[in-house]
Amino acid sequence: MQGPFSAVKITEDVYWVGAIDWSLRDFHGYATDRGTTYNAYLILADDVTLVDTVKGPFREEMFGRIGSVIEPSKIRYIISNHSEMDHTGCLPEAVQVIKPEKVFASANGVKALAGHFHGAVAATAVANGEELSLGNKRVRFIETKMLHWPDSMFSYLVEDQILFSQDGFGMHLATTERFDEEIERGVLIEEAAKYYANILLPFAPMVSLALKKAGTLPLKLIAPDHGPVWRRDIDLIVDLYTHWAGQKPGRKAVIVYDTMWGSTAAMAKAIEDGLVAEGVSVKSMRLKDNHRSDVATEMLGAGALIVGSPTLNNQMFPSVADMLTYLKGLKPKNLVGAVFGSYGWSEAAVRQLADAMNELGIKLVADPLSVQYVPDRDALVKCRELGRTVAQSMPAS
Ligand code: FEO
């Protein structure tokens, strides 16, 4: 009898058995305005195999979808491509219910699973390039260490030319559509960029390595663990990853700031005008109105970051400190920058901003600019000049 959930056939022998999370709005600090999916896949080979599982609260959805295709006890193997709990939350229960002959993971995956589940998931390590026979099909394992955890790997279903790429090529997008061609291309690019900027940016060399290992394989599908399966736009997403991994600075500046009484905002506006006068495209983002993860997304392809803060109790504004801490982890490259802000009786914030930019490895190409209380016309002209100076330090195109 049909249960409450159905699997979705993605090829003759492969089914999507994942879950749709319409409500997720925060993924460890990343604003997921469109929710997400946790994708798991069932390979109906001679030896039936489950690739990844879903986040814990979605257990019934995953088991329901599996049960719509096959009795779970008929699954012989489970492959765990990545140990983060959005993909392994249901793994201990899957092991209990399915009783697979083996759970496969990378060597680091075996350790990570032990660290998460303390004996409940005993996995077998597979090596880069190793193949697992499923009878009539083979799975080849491709190590993708630090993309984005030490355990991460891809699994390639050789005969069907499907790359199960865990977080790689994924996006946070809750949707009932399972294929890229069913979703507006602009949304795909926007969400794939946001995912890359907020999850994968620090690991650009590993992205390049993974593209070298997997990008040359014949691919009919790329099946990530979040968002739609790539079928129509495989070349597009591989090209975008190649481009993003290159981190080539563009003629775009991001101004990120917060303000107490409008003085730092007025400075930001004049800096913006100086940049625009020199032909730079600007995105100006007040942190009260913009989430840190949207700032990170805007920085993909930018050539300059300009940060502003008022001084509050001898410190930079808390929202600006939050942003800079987040960015420090994402390690953006090849940027020039500048800092600015207003103050009452202590210029601490701008000094702290300059130190933070130094720690980020962003070269300051203009002197830090502080204005006491409220900027007058002359001060705003200096802000505009700062914008022009930054623009002149950016690559021509
Ligand atoms: Fe989707 Fe790194 O977990």
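## Two domains, two open sheets and a helix pair

The protein is divided into domain 1 (8-246) and domain 2 (253-390), with bounds that come from an automatic or database domain assignment. This is a predicted model, in which local features need pLDDT of at least 70 and side-chain atom pairs count only at pLDDT 80 or more, while totals for chains, interfaces and linings use all residues. Residues are numbered from 1 along each chain as its sequence is written, and side-chain values use heavy atoms, with hydrogens and water left out.

The C-alpha centres of domain 1 and domain 2 lie 38 Å apart. Their contact (heavy atoms within 4.5 Å) takes 12 residues from domain 1 and 12 residues from domain 2.

Let's turn to the sheets. Strands of a sheet pair through backbone hydrogen bonds, either parallel or antiparallel. Here, two strands pair if DSSP finds at least two bridges between them. Helices (H or I, at least four residues) and strands (E, at least two) are DSSP runs, numbered from the N terminus.

One open sheet has 7 strands in the order S1-S2-S7-S8-S9-S10-S11, and its pairing is mixed. Strand S1 (8-11) and strand S11 (123-126) stand at its edges with a single partner strand each, so one side of each is left without a neighbour in the sheet. From one strand to the next, the twist averages 30°; such angles run from 0 to 180 degrees between N-to-C directions, and axes are lines fitted to C-alpha atoms, for helices over the stretch in contact. Within this sheet, strand S9 (residues 77-79) and strand S10 (residues 102-106) pair in the parallel sense over 3 bridges. Ile79 has Phe104 in S10 as its bridge partner. Helix H4 (residues 107-117) packs on the sheet, where it touches S10 and S11, and its direction makes about 115° with that of S10.

The other open sheet is formed by 5 strands in the order S12-S13-S14-S15-S16, again with mixed pairing. At its edges stand strand S12 (131-133) and strand S16 (221-223); each has a single partner strand, so one side of each is left without a neighbour in the sheet. The twist averages 20° from one strand to the next. Strand S13 (residues 138-143) and strand S14 (residues 153-157) run antiparallel and are joined by 5 bridges, with Glu143 opposite Met153 in S14. Lying across S13, S14 and strand S15 (162-164) is helix H6 (residues 204-214), which runs at about 155° to S13. The loop between S13 and S14 holds His148, and a cis peptide bond with omega of about 10° joins Leu147 and His148.

Next comes a helix pair. The axes of helix H10 (residues 318-330) and helix H11 (residues 348-360) come within 10 Å and cross at roughly 10°. H10 and H11 are therefore roughly parallel to each other (the term covers angles under 35 degrees). Val320, Leu324, Leu327 and Lys328 in H10 meet Leu353, Ala356, Glu359 and Leu360 in H11. By class, this contact of H10 with H11 has 6 nonpolar, no polar and 2 charged residues; Ala, Val, Leu, Ile, Met, Phe, Trp, Tyr, Cys and Pro count as nonpolar, Asp, Glu, Lys and Arg as charged, and the others, Gly among them, as polar.

Finally, here are two residues other than glycine with a positive phi.

| Residue | Phi | Loop between |
|---|---|---|
| His28 | about 25° | strand S4 (26-27) and strand S5 (30-31) |
| Asn314 | near 70° | strand S20 (311-312) and strand S21 (315-316) |

Key:
Angles under 35 degrees count as roughly parallel, over 145 as roughly antiparallel, 65 to 115 as roughly perpendicular and the rest as oblique.
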